[in-house]
Amino acid sequence: MCPKCGRSGSRIVRVISGRRYVYYRHYNPETKGVTYCYVGPLDGYVRVEALHDLELTNIEDQDYIETAINSLLKAFKKLSKDERIEYEVAVEEVLTKLFTRLTNYRKAIEKAFEKAFTGQ
Ligand SMILES: [Zn+2]
């Protein structure tokens, strides 16, 4: 029995960044869909330890990809600290923002390529 919604389901544990989180998996035979209820951390509520600082260094040595990934992790940690927000919702929010941004960059880059190659 799921402690969150009261429906029957199977208890599962997911490991995310080395921590274990409890979910209940609910299968709906009518829609053949699966939903999850986030219950909470398995090991109790552990304070997020010292956040990784974004390592900003000089332009030549800056690893922008690394910084971008750290930024996303920080954004995700911030969202997931709020227990009212379910894991899936937090992931969806962070990834939606990321891919929207990337799509915009892609469009801008495509435009620049078009300009360069067609000379117009
Ligand atoms: Zn549930």
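**Exercise 1.** Work out the strand order of the open sheet in this predicted model, and say which strands sit at its edges.

*Solution.* Start with the order: the three strands of this open sheet run 1-2-3, and the pairing is antiparallel. Next, look for strands that pair on one side only: these are strand 1 (10-16) and strand 3 (33-41), the edge strands. Finally, check the twist: ignoring direction, neighbouring strands of the sheet are turned by 35 degrees against each other on average.

**Exercise 2.** Zoom in on strand 2 and strand 3: over how many bridges do they pair, and which residue of strand 3 does Tyr-27 stand opposite?

*Solution.* Take strand 2, residues 19-28, and follow its pairing with strand 3: you get eight bridges in the antiparallel sense. Then go to Tyr-27, and across from this residue you'll find Val-34 in strand 3.

**Exercise 3.** Decide whether Val-15 is buried or exposed.

*Solution.* First place the residue: Val-15 belongs to strand 1. Now count neighbours: 9 other C-beta atoms lie within 10 Å of Val-15. The cut-off for exposed is 12 or fewer, so Val-15 counts as exposed. While you're there, try a distance: Val-15 and Leu-42 are 27 residues apart along the chain, and their C-alpha atoms are separated by 9.7 Å.

**Exercise 4.** Zoom out: in what order do the elements of the protein chain run, and what percentage of the 120 residues is buried?

*Solution.* Tally the elements to get two helices and three strands. Read from the N terminus, they go β-β-β-α-α. As for burial, 4% of the 120 residues are buried. One last number: of the contacts between residues at least 6 apart in sequence, 22% join residues at least 24 apart.

Conventions. Residues are numbered from 1 along each chain as its sequence is written. This is a predicted model: local features need pLDDT of at least 70, side-chain atom pairs count only at pLDDT 80 or more; totals for chains, interfaces and linings use all residues. Helices (H or I, at least four residues) and strands (E, at least two) are DSSP runs, numbered from the N terminus. A residue is buried if 20 or more other C-beta atoms lie within 10 Å of its own, exposed if 12 or fewer, and partly exposed in between; C-beta atoms are placed from the backbone. Two residues are in contact if their C-beta atoms, placed from the backbone, lie within 7 Å. Two strands pair if DSSP finds at least two bridges between them. Axes are lines fitted to C-alpha atoms, for helices over the stretch in contact, and angles run from 0 to 180 degrees between N-to-C directions.
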